[in-house]
Each structure stands twice: as C-alpha cells, then as structure tokens.
Amino acid sequence: MGAKNGLIYCFVARGTGPGVVVLADYSPFEGNFNKIALECAQKLAANNHSITYTCDRHTFNFLVEDGITYLVVAEESFPRKIPFAFLARVKDDFRKKFGGEAGADMAVAHSLDKRFRPIMKEHMTFCLQHPEELDKVSKIQKQVDDVKGVMMLNIDKIIERHERLEVIEDKAGNLANEAQQFQKKTNTLKNNLWWQNMKVKLFVLLLIVVVILVIWLSICHGFSCSSGGGGGGNNPPANTGSGTAPPGGRRLL
C-alpha cells in the first residue's frame, strides 16, 4: 500500500459480516486495499452505524445503513470529515439509482460495477478537488443536526410535560371523586347523629312523663283523686244534742 492522493479506494456492498457482498468498487491505484476492506467489513455489526479502522497509516471508513455498507479508504493524515462526506454523497446516489436492486437476491458480487463505478469516481474526484465545499456542507449539516437535536429534545420535554399534566389531571380527578365520597359519608354520618340525638331527646322526654305519672299515681292512689272539705254537699246532717224526746213530742233543750 502506498498511494498519496487522500482518497484511495471505495466500495458499496450488500450486508455485513461473513455474508457481505461487494456490489461495486473503484480505486485509481493498485494495491490490496480491497482485501483488507473486505476483511474489516466482515467484522461489522448489522445495525446502522459508522466506524473507522486504522491500518498502516490509512483509515478504513465505513457507513452501514439499511443493510448496505459503504466504504472509503483514505490516508490517515487526510481530514476525517471528507471521507464521511464522500460516503454520504455515494449513499444518496446509490439509493436513488440502485436501492431496490441492491437488496435483491440476484445482486451478485460486482454486478453493479459498470453502472455505479463511474459515479463513485465522479464523487471521489469532486471531494479531492473541492474539499472547501465539503467543509461548508459538513458545517451546514452539523447545524441542521444540532437544530434537529434541539427540536427533538424540546419535543421530548413537551411530551414529558404533557404526561405529567395527565398525571396531575388524573390525581385531581381522583381527589375530586374522593371529596365527593367524603361529602356523601359526612352527610350520612350527620343524619345518623341527628337521628341518634333525636332518639335520646325523645327517650328523656318519655322518661320525664313516666316519672310525673308515677308521682301522680302515688299521691292520688289511683287515677281519680278528690280533696276533703266542710259545709254543703250530700252528707246527712249531724245529730246534735242528747237524751230522748219527752213524752208529748217535746224535746228538752
């Protein structure tokens, strides 16, 4: 390996791991970059991610997305943002032109060389000749990603706040229901206490009446009670005087 041109070798492959299949590749130089790149691709995880390996003063930059693996080999001293800018451009064009075909079982090794190799060559030439344009694009993309991150954070906060409001509303509703139940129980208890108080009053009143009646009966020896007195009335007159009447009807005084 020994080229001095920044970007050295690139490919587009289907899948990762031992079953990875290179669909198209391009390199302006001779070397064994393809073998080392394929060995690295066979160690990649299948989930969407990007990663860089370093070997012999070269970087092997990978982008895995939706089952497609994109690679570009660059000199280690080459700015890291340019290889990934190149991969992003290649990915966009590949999706537009061969996205459906790449996942099909008919996609065999290097089956897209003739159709996609010129496109990879064009992107590599542009990235080498206009690195400042890529720098601007990278900055804009970073700003967009930052804005998206802030928006997602705000959305998460709004959702979290909405969930908290729903919890508060649920608690308020529960408290209102509990308050209604408590009011009903209070009214029921109040009515029960009122009836109990009324029963006590009626019992005391009845007891007083019974006591008065007992006292009345004790004094009068019954329900008919009469008082004694002189003169008048139906009693016969008392017999006054003494002795017997004399003969001839006269009575001695």
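Is Thr 69 buried or exposed? Select it and find out: at 0% relative accessibility, Thr 69 counts as buried (buried means under 20% relative accessible area, exposed over 50%, partly exposed in between, with a 1.4 Å probe and protein chains only). We'll come back to that residue later.

**Before you click around**

This is a predicted model, where local features need pLDDT of at least 70 and side-chain atom pairs count only at pLDDT 80 or more, while totals for chains, interfaces and linings use all residues. Residues are numbered from 1 along each chain as its sequence is written, and side-chain values use heavy atoms, with hydrogens and water left out.

**Stop 1: the whole chain**

Show the cartoon. You should find 4 helices and 5 strands (these are DSSP runs, helices being H or I with at least four residues and strands E with at least two, numbered from the N terminus). Follow the chain along its sequence and you meet the pattern β-β-α-β-β-β-α-α-α. Of its 253 residues, 26% count as buried. Now think about contacts (heavy atoms within 4.5 Å): among those between residues at least 6 apart in sequence, 58% join residues at least 24 apart.

**Stop 2: the sheet**

Colour the strands. They make an open sheet of 5 strands in the order E2-E1-E5-E4-E3, with antiparallel pairing (two strands pair if DSSP finds at least two bridges between them). Strand E2 (21-26) and E3 stand at the edges with a single partner strand each, so one side of each has no neighbour in the sheet. From one strand to the next, the twist averages 20°. What holds strands together in general? Strands of a sheet pair through backbone hydrogen bonds, either parallel or antiparallel.

**Stop 3: the E3-E4 hairpin**

Zoom in on E3 and E4, which pair in the antiparallel sense over 7 bridges. Select Ile 51 and then Phe 62, its bridge partner in E4. Do likewise with Tyr 53, whose bridge partner in E4 is Phe 60.

Now look at the turn, with its 2 residues between the strands. Asp 56 sits in this loop between E3 and E4, and its phi is near 55°, a positive value in a residue other than glycine. Arg 57 is also in the loop between E3 and E4, and has a positive phi too, near 65°. Most residues other than glycine have a negative phi. Which of the labels buried, exposed or partly exposed does Asp 56 get? With a relative accessible area of 41%, Asp 56 is partly exposed, while Arg 57 counts as exposed at 59%.

Step on to His 58, in strand E4. His 58 is buried, with a relative accessible area of 5%. Its side chain reaches the backbone oxygen of Asp 56 at 2.7 Å, a polar contact (a pair of N or O atoms within 3.5 Å; within protein, one must be able to donate a hydrogen and the other to accept it, and residues adjacent in sequence count only if both atoms are side-chain atoms).

**Stop 4: back to Thr 69**

Select Thr 69 again, in strand E5. What does its side chain reach at 2.9 Å? That is the backbone oxygen of Gly 15. Leaving aside neighbours within four places in sequence, Thr 69 is in contact with several residues, including Phe 11, Val 12, Leu 44 and Phe 62.

**Stop 5: helices against the sheet**

Select helix H1 (residues 33-41), where Phe 33, Ile 36, Ala 37, Cys 40 and Ala 41 are buried. Look down the axis of H1: the buried residues fall within an arc of 140°, so they line one face of the helix (the arc is that of the directions from the helix axis to the C-beta atoms). What covers them includes strands E1 (7-14), E3 (49-55), E4 (58-65) and E5 (68-75).

Next, helix H3 (residues 113-129) lies across E1 and E2, running at about 50° to E2 (axes are lines fitted to C-alpha atoms, for helices over the stretch in contact, and angles run from 0 to 180 degrees between N-to-C directions).

**Stop 6: two annotated stretches**

Select residues 165-192, which an unreviewed UniProt entry annotates as "coiled-coil region" (positions are in the numbering used here, feature names are shortened, and annotations may be inferred rather than shown by experiment). This stretch is 100% helix and 0% strand, with its end C-alpha atoms 40 Å apart.

Finish at residues 200-219, covered by the UniProt annotation "transmembrane region" from an unreviewed entry. Here the chain is 100% helix and 0% strand, and the end C-alpha atoms are 29 Å apart.
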